[in-house]
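Here is a set of short exercises to work through with the model open beside you. Try each task before you read its solution.

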Amino acid sequence: MCPEGKTSLAAEIPCTKDDEKWKMTNEVLSNQVKGQLMDLGFFTEDEIIENFVERTRFAYPILDIYFQENLTVIFSFLSRIKNLELIGRTGTFQYLNMDMVLLHGLNCARKIAGLTDKSARELGHDDQWVG
Ligand SMILES: Cc1cc2nc3c(=O)[nH]c(=O)nc-3n(C[C@H](O)[C@H](O)[C@H](O)COP(=O)(O)OP(=O)(O)OC[C@H]3O[C@@H](n4cnc5c(N)ncnc54)[C@H](O)[C@@H]3O)c2cc1C
């Protein structure tokens, strides 16, 4: 993803479509972010090889007050499919970070290999938002 000896850095700016941040030009926005990160001592101007701005309109799911009820119906229906494993952020509808998602993947492989009978959703994070 980046040349040897270098690294990449992503700055995430939560905002809504059409708000002040969203409407800034890429140049203004990246200059602002770069300036703030340089003030904090992350890097100096001459260390930057390249930068770009990516706008993602629907980055996060929006939960309504019925989501848990609705999930119960969906999970109960899907549990009838015996060779289906639900894993990951979307598969389990949990607000997971990468570490838990990787654990889901590893656990799924273990289950397929017959080393565990626990599903990803039984790993202990069913009722909490991680991250
Ligand atoms: C804006 C944002 C910032 C984040 N920041 C962090 C962070 O700083 N640290 C951290 O640890 N985690 C972070 N996360 C969380 C992390 O990205 C997710 O937990 C992780 O990517 C979830 O992995 P996943 O495999 O469950 O799902 P995904 O990575 O979403 O993978 C699902 C894949 O399935 C594909 N797909 C969907 N529908 C279909 C279909 N019908 N057919 C075929 N393919 C399909 C999608 O294209 C996608 O490639 C962030 C997430 C977001 C959205």
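**Exercise 1: Domains**

Task: Find which domains the assignment gives for the protein chain, and state how far apart the C-alpha centres of domain 1 and domain 2 lie.

Solution:
- Step 1. Keep in mind that you are looking at a predicted model.
- Step 2. The domain assignment divides the protein chain into domain 1 (1–60) and domain 2 (67–122).
- Step 3. Between the C-alpha centres of domain 1 and domain 2 there are 33 Å.

**Exercise 2: Overall form**

Task: Describe the helices and strands of the protein chain, then work out whether the chain is compact or spread out beside a globule.

Solution:
- Step 1. Count the elements: the protein chain has 5 helices and 0 strands.
- Step 2. Going along the sequence, this gives the pattern α-α-α-α-α.
- Step 3. For 131 residues the globule rule gives 14 Å, but the radius of gyration of the protein chain is 20 Å, well over that value, so the chain is more spread out than a compact globule.
- Step 4. Along the principal axes, the C-alpha atoms of the protein chain fill a box of roughly 55 × 40 × 20 Å.
- Step 5. Now look at burial: 5% of the 131 residues count as buried.
- Step 6. Finally, consider contacts between residues at least 6 apart in sequence: 42% of them join residues at least 24 apart.

**Exercise 3: Checking helix lengths**

Task: For helices H2, H3 and H5, compare the expected span with the distance between the end C-alpha atoms.

Solution:
- Step 1. The expected span is 1.5 Å times one less than the number of residues.
- Step 2. Helix H2 (residues 26–39) has 14 residues, so its span should be 20 Å; the end C-alpha atoms are 20 Å apart, which agrees.
- Step 3. Helix H3 (residues 67–78) has 12 residues and should therefore span 16 Å; its end C-alpha atoms are 16 Å apart, in agreement.
- Step 4. H5, with 15 residues, should span 21 Å, and its end C-alpha atoms are indeed 21 Å apart.
- Step 5. While you are at H3, check its cover: the count of buried residues among its 12 residues is 0, and H3 is hardly covered.

**Exercise 4: Around the ligand**

Task: List the residues that surround the ligand, and explain where the ligand lies with respect to domain 1 and domain 2.

Solution:
- Step 1. The surrounding residues are Glu12, Ala59, Tyr60, Gly88, Arg89, Thr90, Leu96, Asn97, Met98 and Val101.
- Step 2. Helix H4 (88–92) and helix H5 (98–112) are the elements that give two or more residues to this shell.
- Step 3. H4 gives the most, with 3 residues.
- Step 4. Sorted by character, the shell holds 5 nonpolar, 3 polar and 2 charged residues.
- Step 5. Both domain 1 (1–60) and domain 2 (67–122) give residues to the shell, so the ligand lies between them.

**Exercise 5: Positive phi values**

Task: Look at the phi values of Asp18, Phe93, Gly41 and Gly114, and place each residue in the chain.

Solution:
- Step 1. Asp18 is not a glycine, yet its phi is positive, at about 75°. You will find Asp18 in the segment before helix H1 (20–23).
- Step 2. Phe93, also a residue other than glycine, has a positive phi near 55°. Phe93 sits in the loop between H4 and H5.
- Step 3. Turn to the glycines: Gly41, just after H2, has a positive phi of about 85°, and Gly114, just after H5, has a positive phi of about 80°.

**Exercise 6: Buried or exposed?**

Task: Decide whether Asp18, Phe93, Met1 and Met100 are buried, partly exposed or exposed.

Solution:
- Step 1. The cut-offs are 20 or more C-beta neighbours within 10 Å for buried and 12 or fewer for exposed, with partly exposed in between.
- Step 2. Asp18 has 8 C-beta neighbours inside 10 Å, so Asp18 counts as exposed.
- Step 3. Phe93 has 18 such neighbours and therefore counts as partly exposed.
- Step 4. Met1, in the segment before H1, has 5 and so counts as exposed.
- Step 5. Met100 lies in helix H5; with 21 C-beta neighbours inside 10 Å, Met100 counts as buried.

Note on methods: Residues numbered from 1 in each chain as written. Predicted model: local features only at pLDDT ≥ 70, side-chain atom pairs only at ≥ 80, totals over all residues. Near = placed C-beta within 6 Å. Helix = DSSP H or I, 4+ residues; strand = E, 2+ residues; numbered from the N terminus. Nonpolar A, V, L, I, M, F, W, Y, C, P; charged D, E, K, R; others polar. Domains from an automatic or database assignment. Rg over C-alpha atoms; globule rule 2.2 N^0.38 Å. Contact = placed C-beta atoms within 7 Å.
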